[in-house]
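Colleague: I'd like to learn how to read a fold like this one. Could you walk me through it?

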Amino acid sequence: MSDIQEIRRRARQHMEQGALVDNYKADLETSLRLLNEALATEIVCVLRYRRHHFMAAGIHAQAVAAEFLEHANEEQGHADKLAARIVQLNGEPNFNPEGLLTRSHSEYVEGQSLEDMIRENLVAERIAIESYTEIIRYFGDRDPTSRRLMEEILSNEEEHADDMRTLIEQIRN
């Protein structure tokens, strides 16, 4: 642990930077880019899940549509947390729709049937799981706050993937 007097002295310097302190170990530009890519991914997932919520049709549609809506709302919560973290790091969350799909790790695939929609959501969750795992490795001990945020989101994405797998099994029976 550093000398507490030195920590106190440094805390008074550059106060306009808020939470961003001199000993931030990650490359700030890379961190902001990764967080904005995750933000774009979450926004695309919100849009896809919402479309699927409204387009769900068939005998299993009501239950599946409800699951899609729940996931859309959770993805929106992830986006909000990511945007807040970007601001904490003195960055700007990129909500610009232009280039959204380019920044996103997941794709926006509409799907035709209920099973197609579920499959596309499962694929998107699997993409998020893999890419978020890499982001978590990047943050490591360089930015523990962003790492913990991404770990929390990753845990939820894993639940979503499991939910989609279960839905596929249920509609086939």
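**Reading a helical model**

Modeller: Start with long-range contacts: of the contacts in the protein with a separation of 6 or more, 79% join residues 24 or more positions apart. Keep in mind that this is a predicted model.

Colleague: Which secondary structure elements does the protein have, and in what order do they run?

Modeller: Count the elements, then follow the chain. Here there are six helices and zero strands, running α-α-α-α-α-α from the N terminus. The C-alpha trace spans about 65 × 35 × 20 Å along its principal axes.

Colleague: What span is expected for helix α3, and what does it reach?

Modeller: You set the end-to-end distance against the expected rise of 1.5 Å a residue. Helix α3 covers residues 61-88, 28 residues in total, and reaches 40 Å from its first C-alpha to its last, close to the expected 40 Å. Just after α3, N90 has a positive phi of about 65°.

Colleague: How much of the protein is buried?

Modeller: Buried means under 20% relative accessible area. By that cut-off, 42% of the 173 residues count as buried. The protein exposes about 9,800 Å², with carbon and sulfur atoms supplying 50% of it.

Colleague: Now a single residue: why does N156 count as buried?

Modeller: Compare its value with the cut-off. N156 counts as buried because its relative accessible area is 14%, and buried means under 20%. N156 sits in helix α6, residues 144-172.

Colleague: And which residues does N156 touch, leaving out those up to four places away in sequence?

Modeller: Those are E74 and H78. With H78 there is a polar contact between the two side chains, at 2.9 Å.

How values were computed: Residues are numbered from 1 along each chain as its sequence is written. This is a predicted model: local features need pLDDT of at least 70, side-chain atom pairs count only at pLDDT 80 or more; totals for chains, interfaces and linings use all residues. Side-chain values use heavy atoms; hydrogens and water are left out. Helices (H or I, at least four residues) and strands (E, at least two) are DSSP runs, numbered from the N terminus. Buried means under 20% relative accessible area, exposed over 50%, partly exposed in between (1.4 Å probe, protein chains only). Contact means heavy atoms within 4.5 Å. Accessible areas come from the Shrake-Rupley method with a 1.4 Å probe; for residues, only the protein chains shown count as cover. The expected span of a helix is 1.5 Å times one less than its number of residues. A polar contact is a pair of N or O atoms within 3.5 Å; within protein, one must be able to donate a hydrogen and the other to accept it, and residues adjacent in sequence count only if both atoms are side-chain atoms.
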